[in-house]
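Reader: I've got this one open at the bench and would like to talk it through. Could you show it here and take my questions one at a time?

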Amino acid sequence: MVEDTSTLNAFLHEHRVSGRQRRERIETHMKRLLIGIYAVATLVLMAWGFYQAIYVAPLDAMQGEIFRIIFYHVPSAAVAFLFFAISLAGSIGYLSFRRNQPDWAQASDAWALAGAEVGVVFCTVVLITGPLWGRRAWGIWWTWDARLTTTLVLWLIYVSYLLLRRFAAGPQMQTLAAVLGIFGALDVPIVYMSNRWWRTQHPAPVFGGGEGSGMDPVMKHALGWNLLAWFAWGMLILVLRYRVERQQQRFAAREAQAALAEL
Amino acid sequence: MDQRAILDHQFTVAAYAVTWAIQLGYLAWLGLRWRAQKRANARSIRTPR
């Protein structure tokens, strides 16, 4: 009887374990499938955005073909701002949860880092495509006007954030990074408002810039598609960066536990 | 095509190419990090210290 019960228990345990493993396997497959579908949809969107920018949007009457840089420059700036906002939320989350909910704090920290790093990638694109446009439109690569300078400062703040995370060590590193991330994000509204607050060489706001601002509907349509495409692309690499950081955190935690066990 | 249009075209192509080089370069670097991290994780699970 006792033997029968233990055999039954062993059978049930094995059945439960195999059921859980099967469920986990199915979940992993589903996740991979969804990521694959999202990646394909993003690539289609990117191709469509490129087609709209190059073949559908008309030439600008004043600027000619150089105007087409706007279809990569503006979406990159918008996505960079969004990701710096995600970094801000992650930094605030880390400072809020670090004492009571360590796992949430680590997840928030990973979002903060992912947002900052991918934001820097997009901001770099802005700082390279802008001068390429400026060289043809203004005849100069760079000028120290408010929009350009505040954007460069924003980029420098987040590069210093990444350097801090790379080279600083010790338990205070994440806290210091979170504080720097919050201060860095304060520059985002200043960059956005700079060509409204001050007279700049940078063009006046195209949208919401008051009388005389605006864009041809076909151009606006093409810009909308490219905004959507770059946002989709950005989210893809943001999530990938977040997952790499979470893996790294788990690895570091396991190593720390193993080191403690050796003591 | 006049000289101005050719230069405009070259600068536009450069802007698009640089954008894609940065984005794809970053994606490749991320992929390499992902793979290295996955290997390190598997090694630390297989051979605990």
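Reader: Let's begin with chain B: how many helices and strands are in it?
Author: First, a bit of housekeeping: this is a predicted model, where local features need pLDDT of at least 70, side-chain atom pairs count only at pLDDT 80 or more, and totals for chains, interfaces and linings use all residues. Residues are numbered from 1 along each chain as its sequence is written, with chains lettered from A and ligands numbered from 1 in the order in which they are written. Helices (H or I, at least four residues) and strands (E, at least two) are DSSP runs, numbered from the N terminus. On that basis chain B has one helix and zero strands.

Reader: What percentage of chain B is buried?
Author: The C-alpha trace of chain B spans about 70 × 10 × 5 Å along its principal axes. A residue is buried if 20 or more other C-beta atoms, placed from the backbone, lie within 10 Å of its own, exposed if 12 or fewer, and partly exposed in between. Of the 49 residues in chain B, the buried share is 12%.

Reader: Which helix gives the most to the side of chain A that touches chain B?
Author: Contact here means C-beta atoms, placed from the backbone, within 7 Å, and 27 residues of chain A are in contact with 24 residues of chain B. Helix H3 (102-137) and helix H7 (217-262) of chain A each supply at least two residues of that side. With 12 residues, the top contributor is H7(A).

Reader: And H3(A): how many of its residues are buried?
Author: H3(A) has 36 residues, which at 1.5 Å a residue (times one less than the number of residues) should span 52 Å, and its end C-alpha atoms are 51 Å apart, so the two agree. H3(A) is largely enclosed by the rest of the structure, because the buried count is 26 of the 36.

Reader: Where does the largest share of the largest nonpolar core come from?
Author: A nonpolar core is a set of buried Ala, Val, Leu, Ile, Met, Phe, Trp, Tyr and Cys residues joined through C-beta atoms within 7 Å. The largest has 53 residues, and Phe122(A) is among those with the most contacts inside it. The largest share, 16 residues, comes from H3(A).

Reader: Is Ser76(A) buried or exposed?
Author: Ser76(A) is found in helix H2 of chain A. Not counting residues up to four places away in sequence, Ser76(A) touches Phe122(A), Val125(A), Val126(A), Thr129(A) and Trp230(A). With 27 other C-beta atoms within 10 Å, Ser76(A) is buried.

Definitions and conventions. Contact = placed C-beta atoms within 7 Å.
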